[in-house]
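Work through the exercises below with the structure open beside you, and try each task before you read its solution.

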Amino acid sequence: MAALTHQTENAMLTKIIATLAAAFALGHAAAAEHPAFKVDVTGKGAPIILIPGLGSGGDVWDGTVAHYCADGKYQCHVLTLAGFAGQPAIAEPLLPAVEQQLSAYIKANKFDRPVVIGHSLGGFLGMQLAANHPEQVGKLVIVDTLPAVAAAQMPSATPAQLKEMAAGMRANMEGQDPATFKAAQLRMMRTMITRQEDIDKAIVRGGLSDRRTVIDAMADMTATDLRQEVGRIKAPTLVLGTWIAYKDYAPKAAITAVYTTQYAQLKGAKIEIADNARHFIMYDDPAWMYDRIDNFLN
């Protein structure tokens, strides 16, 4: 009987090891299918895809995941893009790679028109996905970005001018030594986030990001104009913007007009402008952000 028990235990152990090995292999195979991003999945329910911004990791959405994916209604699929926050960089251009691989990820997982939420560069990617694959996105939430970021202060900018501006920005960033580049990132974060502890988090993620990927992604977004392309988006869209970082330069009405004008081709888009948050709304005023998204999703 003891021998039989021992044999049974060995068989069970072998089965467990085989199962774990298969799961491990499956995880690696899945990751190999989308090297442009890592995905962390939380909860059960209808899928929400969360895309962070430039140099950010998926953990920027931790509060959002806790709010939406802890009660069984939604399942959060949180991306960290290649080259950002410690993720290995890829050789190919990041933005088109993320768009195509995310489209494939939605198809492979048989998602039925998931909610897509993107912040900054992530919102820009959400726009591209929803415009080029309109049948795949159920609802779209864009957190503080524009279809043509570089045209915010120059609405009449042509595609050629945007590319010229992007080239100048790229050359400037490439010419900075490491200390200057880091100092510039810190200055930027102080305009985008209110609390020092949150600025510190962002700086750490930025320090773990691949400089080449950051520069290329920023330049590619700057050079791209989606103001007409957003007209192809079929998903109901919520745009959450901010203005207090610019209050010394323009009133709220002027900033709101920039959003309204740039999203003019996206029919039915709902635009809300936060009064108490800088660029990282999920840090500065999460309650306001959740309230707007809750109403939009329901």
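Two strands count as paired if DSSP finds at least two bridges between them. Keep this cut-off in mind, and remember throughout that the model is a predicted one.

**Exercise 1.** Find in which sense strand 6 and strand 7 pair, and describe how the chain gets from one to the other.

*Solution.* Begin with the bridges: strand 6 (residues 237-242) and strand 7 (residues 270-274) are joined by 5 of them, and the pairing is parallel. To place one bridge, look at T242, whose partner in strand 7 is A274. Then follow the chain from strand 6, which passes through helix 9 (residues 252-262) before reaching strand 7, in a β-α-β crossover that is right-handed.

**Exercise 2.** Determine which strands pair with strand 2, and by how many bridges.

*Solution.* Take strand 3 (residues 74-81) to start with: it runs parallel to strand 2 and is joined to it by 5 bridges, with A46 standing opposite Y74. Next comes strand 4 (residues 115-119), which is also parallel to strand 2 and shares 4 bridges with it; here L50 stands opposite I117. The path through helix 2 (residues 62-68) completes a right-handed β-α-β unit made with strand 2 and strand 3. Finally, check how covered strand 2 (residues 46-51) is: 5 of its 6 residues are buried.

**Exercise 3.** Decide whether the disulfide between C69 and C76 is right-handed or left-handed.

*Solution.* Confirm the bond before judging its hand: the sulfur atoms of C69 and C76 lie 2.0 Å apart, which satisfies the cut-off of 2.5 Å. The torsion about the S-S bond of C69 and C76 is about 80°, and therefore the disulfide is right-handed. Both cysteines, C69 and C76, are buried, and the count for the model comes to 1 disulfide.

**Exercise 4.** Work out how the buried and exposed residues are arranged around helix 7.

*Solution.* Consider the length of helix 7 (residues 196-207) as a preliminary step: its 12 residues reach 16 Å from the first C-alpha to the last, close to the 16 Å expected. The buried residues of helix 7 are D198, I199, A202 and R205. They cover an arc of only 125° around the axis, so they lie on the same side of helix 7, and what covers them includes helix 6 (178-192) and helix 10 (281-284). On the other side of helix 7, V204 and G207 are exposed. G207 has a relative accessibility of 63%, and exposed means over 50%. As a last step, compare sequence with space: G207 and F84 are 123 residues apart along the chain, while their C-alpha atoms are 9.1 Å apart.

Definitions and conventions: Residues are numbered from 1 along each chain as its sequence is written. This is a predicted model: local features need pLDDT of at least 70, side-chain atom pairs count only at pLDDT 80 or more; totals for chains, interfaces and linings use all residues. Side-chain values use heavy atoms; hydrogens and water are left out. Helices (H or I, at least four residues) and strands (E, at least two) are DSSP runs, numbered from the N terminus. The expected span of a helix is 1.5 Å times one less than its number of residues. Buried means under 20% relative accessible area, exposed over 50%, partly exposed in between (1.4 Å probe, protein chains only). The arc is that of the directions from the helix axis to the C-beta atoms. Contact means heavy atoms within 4.5 Å. A crossover is right-handed if, with the strands pointing away from the viewer, the path from the first strand over the helix to the second runs clockwise.
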